Amino acid sequence: QVQLVYSGGGLVQAGGSLRLSCAASGRTFSTYAMGWFRQAPGKEREFVAAINWSGGSPYYADSVKGRFTISRDNAKNTVYLQMNSLKPEDTAVYYCATDGSRPYYSGSNYRGPWDYWGQGTQVTVSS
């Protein structure tokens, strides 16, 4: 069966960087858009970034533009989120997700529906 493994989460100081990875095994997701979402305590889950099946058309929430970069390596069945200039308000549980309803989607209208994977990974940014 499909298994996803997170790596890269943890505690960092404001201004620092982390790179999150979400790797899948058992099935390839290379034909689907991938995304990152996050949820802070007491808050709704929010969109962070998305990328289409071929690694193009990256799109970011306004709150992370210029600081975060989403990328993917389809050969490794892995999606990444490089997070720079981290702020305390970036503190959240981060989830990778896939839109399995639209294989080979090449646009930038990442409406989903999104399938959120696993338990996510905690990112904590201290002041």
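A charge counts as sitting over a ring if NZ of Lys or CZ of Arg is within 6 Å of the ring centre and within 35 degrees of the ring normal. With that in hand, take a look at Arg102 in this predicted model: it lies over the face of Tyr105, 3.8 Å from the ring centre. Arg45 does the same kind of thing with another tyrosine, lying over the face of Tyr116 at 4.0 Å from the ring centre.

Tyr116 is a handy way into the aromatic residues. Searching the whole structure turns up eight aromatic pairs. In one of them, the ring centres of Phe37 and Tyr116 are 4.9 Å apart and the planes stand at 90 degrees, so this pair is edge-to-face. It also links distant parts of the chain, with Phe37 in strand 4 and Tyr116 in strand 10 (residues 115-116), 79 residues apart. The two partners sit in unlike surroundings: Phe37 is buried, with a relative accessible area of 5%, whereas Tyr116 is partly exposed at 32%. Widen the view a little and both turn out to belong to one aromatic cluster, made up of Phe37, Phe47, Tyr59, Trp114 and Tyr116.

Now for the interior. In soluble globular proteins, nonpolar side chains tend to be buried together. Here the largest nonpolar core has 31 residues, and Trp36, Leu81, Met83 and Tyr94 are the ones with the most contacts inside it. Plenty of strands chip in: strand 1 (3-7), strand 3 (18-25), strand 4 (33-39), strand 5 (46-51), strand 7 (68-73), strand 8 (78-83), strand 9 (92-99) and strand 11 (121-126) each supply at least two residues of this core. Strand 9 gives the most, with five residues. Another core, of seven residues, lies apart from the 31-residue one. Among its members are Phe37, Ala50, Tyr110 and Trp114, so two names from the aromatic cluster, Phe37 and Trp114, come up again here.

Which two cysteines form a disulfide? They are Cys22 and Cys96, whose sulfur atoms are 1.9 Å apart. Because Cys22 lies in strand 3 and Cys96 in strand 9, the pair ties together parts that are 74 residues apart in sequence. Both ends are tucked away from the surface: Cys22 is buried at 2% relative accessible area, and Cys96 is buried at 0%. The count for the structure comes to one disulfide.

Strand 3 also leads us to strand 1, since the two pair in the antiparallel sense over five bridges. At one point along the way, Gln3 stands opposite Ser25 in strand 3. In a regular strand the side chains alternate between the two faces of the sheet. Strand 1 shows this pattern: Leu4 and Tyr6 point to one face and are buried, while Gln3, Val5 and Ser7 point to the other and are not buried.

Tyr6 brings us to a last stop, Gln119, which lies in the loop between strand 10 and strand 11. Is Gln119 buried or exposed? With the cut-off for exposed set at over 50%, Gln119 counts as exposed at 69% relative accessibility. Even so, Gln119 touches Tyr6, Val93 and Tyr95, leaving aside residues up to four places away in sequence. As for Gly26, it is 93 residues from Gln119 in sequence and 18 Å from Gln119 in space, C-alpha to C-alpha.

Definitions and conventions
Residues numbered from 1 in each chain as written. Predicted model: local features only at pLDDT ≥ 70, side-chain atom pairs only at ≥ 80, totals over all residues. Heavy atoms only, no water. Core = buried A, V, L, I, M, F, W, Y, C linked by side-chain atoms within 4.5 Å. Buried < 20%, exposed > 50% of the residue type's maximum accessible area, 1.4 Å probe, protein only. Helix = DSSP H or I, 4+ residues; strand = E, 2+ residues; numbered from the N terminus. Disulfide = S-S within 2.5 Å. Phe/Tyr/Trp six-rings, centres within 6.5 Å; stacked < 30°, edge-to-face > 60°. Pairing = 2+ DSSP bridges. Contact = heavy atoms within 4.5 Å.
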